[in-house]
Amino acid sequence: MKKQIVVLVLLAVVSASTVFAQGKYMTKNGHIEFFSATPMENIAANNDKVSSVLDSQTGKLDFALLIKAFEFEKALMQEHFNENYMESDKFPKSTFKGQVVNISDVNFSKNGTYNVTVKGDLTIHGVTKTVETPGTITVKDGTVSANAKFSVALADYNIEIPKLVRDNIAKTIAITVAMNYQPYEK
Amino acid sequence: MKKYILIAILAIGAIGAYIGKTMYDKPVASTADVKTEVQIDAATLFTEFEQNEQSAGDKYNDKAIAVKGTVQGVTTEGDKTTVMLNGGDMGGVSCEMQDKTGVDNLKQGDAVTIKGVCTGYLTDVILVRCVLDK
């Protein structure tokens with residue numbers, strides 16, 4: 001009988017710790033926008049299907065998205081983006097694997113907006129580069145959101161823009177990241 | 001005579017420019033107006049991607065497909081609503097709705113068919129520009 005109780009208690013402790021104690025946050029509906037500004041025209045594309053996991057203890061931060069899930073206003077732009085520039089059949093995903101460098105500055109149990117620095121490997125168009133950018137993590141009544149803005153030079157990722165539209169597409173693209181995380185229970 | 005030729009050339013040029021501009025500005029098609037090429041079960045679609053992402057991607061990506069399944073949940077974030085269809089224990093089919101008609105009334109466990117454009121697989125199969133198929 002005692003043995004059974006011990007087993008039960010152990011089971012309870014193990015299951016409780018796997019459910020709650022991870023300190024991880026995730027989303028599958030994160031938002032990333034990119035914006036290209038030129039005197040000729042402005043082009044925006046939105047992706048609302050970004051997966052991301054943030055570990056509040058270690059600061060580990062990952063993003064993954066599907067290139068084809070970027071939505072444009074104009075059909076032709078979306079087609080060119082996928083077929084010519086990003087070659088999304090060949091490189092269907094873009095990922096970021098990195099770290100919130102100063103995660104200890106963020107108090108996940110206290111409301112507030114915390115300035116953070118994120119550093120890691122960004123993979124676009126099959127090319128991986130180390131990037132570093134400032135951002136914010138906002139804690140509000142147990143919910144966690146993250147925001148960042150940075151820019152990416154197309155040439156760094158071997159993305160070639162044909163001469164014909166070179167004046168219409170900026171050489172440096174502004175990327176806006178907005179994530180609303182949920183506690184990750186698993 | 002020369003004057004008429006000049007006018008004709010200008011007219012052709014103007015028409016060409018107009019057609020070009022119209023094509024350039026053409027909006028992305030609404031999924032409601034697109035004929036679906038494939039009809040498939042959510043669980044089957046998820047399993048195909050889980051087992052071989054490459055071949056499933058070649059088969060379904062960029063295509064408007066009709067997916068039949070049971071609703072696991074509906075989430076709204078900002079102006080985007082997502083309906084998650086059950087695909088088994090490991091994940092499902094995430095449908096980002098273009099048209100929210102009828103979505104508010106959906107409950108967990110409802111059987112639905114959703115039309116959307118397949119974009120690939122992350123932790124779930126992801127469909128964008130979805131509409132509820134009646």
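Which residues of helix α2 (residues 42–51) of chain B are buried? I come back to that in point 7; here are my notes in order.

1. **What we are looking at.** This is a predicted model, so please read everything below in that light. The predictor gives the complex an ipTM of 0.81, alongside a pTM of 0.84. For chain B the mean pLDDT is 91, with 99% of its residues at 70 or more.

2. **Chain A in outline.** Chain A has two helices and eight strands. Going along the sequence, you meet them in the pattern α-β-β-β-α-β-β-β-β-β. Of the 186 residues in chain A, 25% are buried. Take the contacts in chain A with a separation of 6 or more: 57% of them come from residues 24 or more positions apart.

3. **The barrel.** Eight strands of chain A close into a barrel, and the order is β1-β2-β3-β4-β5-β6-β7-β8, with antiparallel pairing. From one strand to the next, the twist averages 25°. If you want to see the closure, look at β1(A) and strand β8 (residues 172–183) of chain A: they run antiparallel and are joined by seven bridges. A handy marker there is Ile32(A), which stands opposite Val177(A) in β8(A).

4. **Walking from β1 to β4 of chain A.** Strand β1 (residues 24–37) and strand β2 (residues 42–55) of chain A pair in the antiparallel sense over eleven bridges. The two form a hairpin with four residues between them. Ala37(A) stands opposite Asn42(A) in β2(A), and Met26(A) has Val53(A) in β2(A) as its bridge partner. Next come β2(A) and β3(A), antiparallel again, over four bridges. They too make a hairpin with four residues between them, and Gly59(A) in that turn has a positive phi of about 85°. Ser51(A) has Ala64(A) in β3(A) as its bridge partner. Then β3(A) is joined to β4(A) by seven bridges, with the two strands running antiparallel; Asp62(A) is partnered with Lys97(A) in β4(A).

5. **Val100(A), worth a click.** Val100(A) lies in strand β4 of chain A. Is Val100(A) buried or exposed? Val100(A) counts as buried, because it has 24 C-beta neighbours inside 10 Å, and the cut-off for that is 20 or more. Setting aside neighbours within four places in sequence, Val100(A) is in contact with Gly59(A), Leu61(A), Val116(A) and Val118(A). Gly59(A) is the turn residue with the positive phi from point 4. By contrast, Glu83(A) is 17 residues from Val100(A) in sequence, yet their C-alpha atoms are 34 Å apart.

6. **Two positive phi values to check.** Most residues other than glycine have a negative phi. Glu87(A) is not a glycine, yet has a positive phi of about 45°. Glu87(A) sits in the loop between α2 and β4 (93–100) of chain A, and is partly exposed, with 15 other C-beta atoms within 10 Å. Chain B offers another case: phi of Asp62(B) is near 75°, again positive in a residue other than glycine. Where is Asp62(B)? Asp62(B) is in the loop between α3 (53–60) and β2 (64–77) of chain B. Asp62(B) counts as partly exposed, with 16 C-beta neighbours inside 10 Å. I would flag both residues for the reader.

7. **Back to α2(B).** The buried residues in helix α2 (residues 42–51) of chain B are Ala42(B), Leu45(B), Phe46(B) and Phe49(B). Why are they on the same side of α2(B)? Because they cover an arc of only 95° around the axis.

8. **Where the chains meet.** How many residues does each chain bring to the contact? Chain A gives 18 residues and chain B gives 23 residues. On the side of chain A that touches chain B, the elements giving two or more residues are β1, β2, β3 (60–66) and α2 (75–85) of chain A. By class, that side of chain A has seven nonpolar, four polar and seven charged residues.

Technical notes
Residues are numbered from 1 along each chain as its sequence is written. Chains are lettered from A and ligands numbered from 1 in the order in which they are written. This is a predicted model: local features need pLDDT of at least 70, side-chain atom pairs count only at pLDDT 80 or more; totals for chains, interfaces and linings use all residues. Two strands pair if DSSP finds at least two bridges between them. Axes are lines fitted to C-alpha atoms, for helices over the stretch in contact, and angles run from 0 to 180 degrees between N-to-C directions. A residue is buried if 20 or more other C-beta atoms lie within 10 Å of its own, exposed if 12 or fewer, and partly exposed in between; C-beta atoms are placed from the backbone. The arc is that of the directions from the helix axis to the C-beta atoms. Two residues are in contact if their C-beta atoms, placed from the backbone, lie within 7 Å. Ala, Val, Leu, Ile, Met, Phe, Trp, Tyr, Cys and Pro count as nonpolar, Asp, Glu, Lys and Arg as charged, and the others, Gly among them, as polar. pLDDT is the predictor's confidence in each residue, from 0 to 100.
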